[in-house]
Each structure stands twice: as C-alpha cells, then as structure tokens.
Amino acid sequence: MPGTDTTRTALRICPLCEATCGLALTVERDGAGERVGTVRGDRSDVFSGGFICPKGATFGELDSDPDRLRTPLVRDEHGELREAGWDEAFDVIAARIRPLIEKHGPDAVGVVLGNPNVHTMAGGLYPPVLLSTLRTRNVFTASTLDQMPKHVSSGLLFGNALAIPVPDLDRTDHLLLLGANPLESNGSLCTAPDFPGRLKALRRRGGRLTVVDPRRTRTARLADRHVAIRPGTDALLLAALVHVLFDEDLTDPGPLAGRIEGVDGIREAVRDFTPEAAAAACDMDADVIRTIARELASAPTAAVYGRIGSCTVEHGTLASWLVDVLNILTGNLDRPGGALFPLAAHDRAPRPAAEPAPPGRGFALGRWASRVAGHPEAKGELPIAALAEEIETPGEGRIRAVVTIAANPVLSAPDGDRLDRALGGLDLMVSVDPYLNETSRHADVVLPPPPPSRSGHYDFSFNGLAVRNQVRYTPPAIPLDEGALDECEIHARLILAVGGMHGAEPSAVDDTVVSNSLARAVADPLSPVHGQDAGELAARLTGRSGPERRLDMMLRLGPYELTLDDLLARPHGIDLGPLRPRLEQVLRTRSGRVELLPGPIAADLPRLRRALGARGGGLVLVGRRHLRSNNSWMHNIPALQGGSNRCTLQVHPRDAARLGLADGGLARVKAAGGEVEVPVEITDDVRPGVVSLPHGWGHDRPGTRTRVAAARPGVNVNQLLDGSLLDPLSGTAVLNGFAVEVGPAG
C-alpha cells in the first residue's frame, strides 16, 4: 500500500509462532501517535510468500492491547504493585538481589525462561549472558514442558544437543508424522511457513503422508493414513518399526554406513519389540506396523518427524531417539528429501571441507542434580516441575529469588497451585513480562517490554530449524514511545543490576560480548578472521544499537559472508537455498561418529520393554493445540476468541454414554494432582478411551490484569498433575497420556 499522510507500510517478521511468516503492517498515525492497523502477509517474503494465519492477522490488536503494561511495577511497603520509573525499578533489583547472592550464593537465584523468549531478538541474545553473570545452576525453561527429549536424543546421537534434523518437507516423497498437528500449530522444531500448503503439495506430487495421533486432527484428516494410537505408546510403535527393518532386511543407511556405530546393538535392543507385541500395547494392527515400515524403506525419500505429543510422554526421549534411528537406518538422515540440518546465517562458519573433523566433546547428562529430588540436569537445565519444591524446601541451597522472563509456569507447569503458593513465599521475584499474569502477579518488580512493533526482529532459534535456508531482519516498525525502553536495553540493564554493575551504560553488555566473541574468533585457526585484529573488526561493525552490532558480527563470522547492511538492503529476506547434507559440520561425539546406542538410551530401554505388557483400561488424557492460540499467550486478544479456541473436554460418544456425560454439560476430571470441572464436547475426533483438554487455560486467579482472558478463564489442565511423572532422561513433564477419572460434575 503506498504511503500517505496518515498511513505507511512497514514489514515485520511475525513473532507469534514458529512459522516466522513475513507480515506487511499498515501503520496509522493520528493525534495519539502511530499504531498498527491492518495486517496482511508479505507476498514478497522469500520464505512465507504471503502466507498468514489468524494469529498473525491480529498482530495489531495484540500490539495495542490495553492490558499490556507500559511502565514498570514495583511492590510497595503495603504489598501492592504500583507504577514506577525505570531507574527506580532497577534500583530495587540491584539493592535486593546482590546482598542475597552474597549471603546465600548464586544458586539462591532461580531463572525461569518461557517459550516467548525464542520469539524475540532480546530473548535470543541476553538470557545466556544473564545466566553466565548469575552463575546459578537453578535454570528452568519451557523446554522441559516441550522439546527437551529432542535435545537430549540429539545430544546423545550426534554429541550436539542443538543438532536437530528437520524434515525436508518440500522434497520428500514420504512423511511419517507422530504427535504433531502442524495444521493447527504451524509446525514446531520445523520452521515452515504455510505448513498446510507444504503438506498438500507433498500429496499433489504423489507423496504419502501418514499421521499417528489419538485424535483425528485437521492434519490427520489430510493424511493418506491416520493411525489412532493409544496415547503415550509412540516409542513402542517406533521400536517395532525398527524391528521390522531388521527382521525383513530393509535397513540401508547408504552413505551414512561409514559414519555410524552401534547397528548391531540396535538390532539386539529391539528384538522383543515385534509388531504383535507393540500392536497390543499401541492398540493397533500389527500388519499396519509392517506396512508403515515397508513404505518407509521403499520410498525414494522419506522423513520421520515427531513432536510434542511424542515428547511429553513417559518415554519421550526414547521416542525422539527412535525417530532419528529410523531416518538413519533407511538412509534418509542428512539427505535431500529426508531429514537434514539447517545452516543459519548467524551460525559459526563451517570448517573448510579439506579439514578433518576433530573428535568432539560429546554430550553429558546429569553433570549436577536438583537439590531436593536429585533430578539430573539436561542441557544445563533442571525440570521445571521441580521448581516449587526447590523454593519450598528449607536448607542450604534453597531458591530464595526467582527471575522469570516471558514465563507463566503457574499455568504451564504441573501443579500450578503448589507453585503459586511457593512463589508467594520468595524473598524476591522479578518478572520481565508485558502482562500481569498468573505468575508475574507475584513479582516484586515487573519490567514490561514494549509492544512487538517497537522491536527489531531476527530469529536466532527458528532459522536453525527452518526447512529452507534463508535470512531476514526487520527493524522496529514504530519508534519507541517517549520514556519507554527497548526490550534489549531492559535485558541489558537487568544483567548489570544482578551482576553488581548497576548504573553502567547498557551498551557495556553488548560491547563486552562483541569484544569477547571477536577475541575468540581471531584466536581460532579455523575461523574466517583468524589472526586479524579484533579491535579493527569491531570498528567495522554497523548497526544503530548494540543488538544490531552483535547481529552484524555474527553474520560476518557466519557461513554466508553476509552483513547487517545486506539484510537491510533486502527487507523481504535473502534466500540461501535448500537444505544440504552437513552431518560432518554438526557432529560433536567423542568418537566422531553417530552413536546409535548411547549408554543412557540403552539403560532406559528395559523400562520401555516393560511397557510392552501394559494394557490400559481406563481413560487417558491428551492435550491439544488451537490455531488461534499459542499456549496462554493470546487468550487476551478478542479476535482470537471463539470458534474452536475453547477450553472443553473432548470425549468420544461411546465414552460419554458410558459415563453419563452430556454435550455442553460439566464433567469433573480427576488425577494425581487435583481435579477440574470443564464443559464437555462430545466428538468422534478423539478415539475411545481418550479425552482431550487444551493447554494454557486457567485465567481465574486474582491479581491479574488480563480482562479478556479472565472473562473466559477455562481450567488449567496441568492442575491434574502433581509433577511426579517425568521422562527420566530429559526431566520433561508427562503432559500427555496420563490416567484420569471422568464423571459428571456434581
């Protein structure tokens, strides 16, 4: 749209889910300043090509939500939160957290990082600096409610917890999809704008789509085959598929054969997982298992992809591991049309092809453990399900202060009531959050970032998971309001406050990172700037702010020899081509080979073998995702309410009749952590024996300021959990496939 006196167009990468679609914002000016009006997809975006979902279309409404906090809040002597200036807010943090650390040590502070961190530039750049400054081992993130099993399995297989293969959606001939519903979620650990269009294109070119899910989701309806598996048994199905590959001599790793070890160990490990044994536990036909295995082996190219439904279960790490074992044994790992490792523009430049890869440092689990229950760390994190007990339990090492950044664990973690009480007993709590929500209402200081239109955007996490290599950066669409702080400056000032440098210029944080990064780069013989002067390199960096200078540095040190100026000159992005084989570049195992049967996996397999004999007779619960929601983020946006975005208990008609439940009536759902009452939705989209309740609801606690969400609060499904059910390898909470009792309310 051409600019006028009152409107102009600005580009923005959508931060509301993992698809990272390009948006074209109409920015309107009136007497009160500028605001985002209509939003459409950017047709010239090199990655999304104009695709937009309902969430992206409401970017302007979210951006101007009147319930967003605009100034910091500080708790006064009467225990009430009041508005305060930025200087006062950081004064309070510095004055209270430093004495606490000096008296009780760094582990007295717990840090909780929520899902939205990976959707912002600030969240990609500053939390690692905060953690290195605090030196606490009490780090909790949304990963142990989501994808940590994939990090652990990748770490054990490849020696690199961030080496996550993604399905080559645009070139594969066969896709086996487990525990994922990308037509609703837009994809996860697989960044793909217009995921629905890509799956339809797969079908149009003669490819095959198999979906394994206990619900007949929108994705399942699109599939050639839908397998309504018993929830929580994905690892058993995958192990049986591997068994068939060996039993029928269908394994063919191809060029990978010389880079893998442990094939014979895998053969022996899956010996007991026959299709008949697994079929009984999974409640499916053994012949279907054999057919799926044969189709995977015979397809010209194929990819196996598992997500949250196969991660947040009792055997989540084993399921994630077996996904890649299948890709490896069928020769589809690191192969076009299979599953490949993206190469983001900010990644470290690969070593020259002529240089042999040295042995890596490998990946270790359990380098330390949580104080109370002894949960082992994974990727430097402890299970978020253990946070409440670490606050409540007296003794040396107790968490006395918590810093939450874009996190709402009272809703997202098991047993929110217990955590709610625990947070109320802290000596200090600081929240970086735009809302006063179920968690941040406990904070002594709330630091609200500005609306997303006021921040620049670059996807540090999702470009490393994209189905096509590309790079895009969008500067702020609207200048900051007078008196507001940029989100990156808020993070920098927080780092200075907790690190004993309160009052220093926020740019000192970025300058230190740049200096240290360049010093390491010039000292690395394999770096493209080896032997150069770090000071001269720093002087060449461009950008109007510290974060932009850091991005410019990473691009210059990266694999494509780009600069920030290159990105600014190409506002719709730069296409860097399809994914290419690069296993050698990501492999970090000590052996220098893909280790198919690492020790921790082998030690956990007897637990999976015991599950072969399990025969569930009662009801089990699974979650579900709505297209108009991303967990609890967007429940305060009026335009995203209604439709399918409702907090209901989906029940199969046969179960409803047996239990005496009526459509629209109330059901009482009980489990180990508590009970909830929720409206019933009778539908054959769930298989018999399964009920489904969405994640992210429960907006009924006092002291919040989210009026739209509070008007339709729903119930918190995680209140049904007591936090004791965890995948032992990853510490991930079991949020799917757990037993419940259901009956009419009252």
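A salt bridge is taken here as a side-chain nitrogen of Lys or Arg within 4 Å of a carboxyl oxygen of Asp or Glu. In this predicted model, Arg216 forms such a bridge with Asp685, the closest N and O atoms being separated by 2.8 Å. Between domain 3 and domain 4 the count of salt bridges is five, and the count of residue pairs in polar contact, with both residues at pLDDT 80 or more, is 11.

The secondary-structure elements that each supply at least two residues of the side of domain 3 touching domain 4 are α6 (148-158), α7 (182-185), α9 (218-222), α14 (308-311), α15 (316-329) and α25 (599-611). Of these, α25 gives the largest share of that side, namely four residues. When the side of domain 3 that touches domain 4 is sorted by class, it has 14 nonpolar, seven polar and 10 charged residues.

The domain assignment of the protein chain places domain 3 at 147-341 + 591-611 and domain 4 at 617-744, alongside domain 1 (6-64 + 452-480 + 487-578) and domain 2 (73-137 + 373-447). The C-alpha centres of domain 3 and domain 4 lie 27 Å apart, and the contact takes 31 residues from domain 3 and 25 residues from domain 4. The area buried between domain 3 and domain 4 amounts to about 2100 Å², with carbon and sulfur atoms giving 53% of this area. On the side of domain 3, Glu184, Arg215 and Thr312 supply 28% of the area buried against domain 4, which is more than any other three residues supply.

How values were computed: Residues are numbered from 1 along each chain as its sequence is written. This is a predicted model: local features need pLDDT of at least 70, side-chain atom pairs count only at pLDDT 80 or more; totals for chains, interfaces and linings use all residues. Side-chain values use heavy atoms; hydrogens and water are left out. Domain bounds come from an automatic or database domain assignment. Contact means heavy atoms within 4.5 Å. Buried area is the accessible area (1.4 Å probe) that two parts lose on being put together, summed over both. A polar contact is a pair of N or O atoms within 3.5 Å; within protein, one must be able to donate a hydrogen and the other to accept it, and residues adjacent in sequence count only if both atoms are side-chain atoms. Ala, Val, Leu, Ile, Met, Phe, Trp, Tyr, Cys and Pro count as nonpolar, Asp, Glu, Lys and Arg as charged, and the others, Gly among them, as polar.
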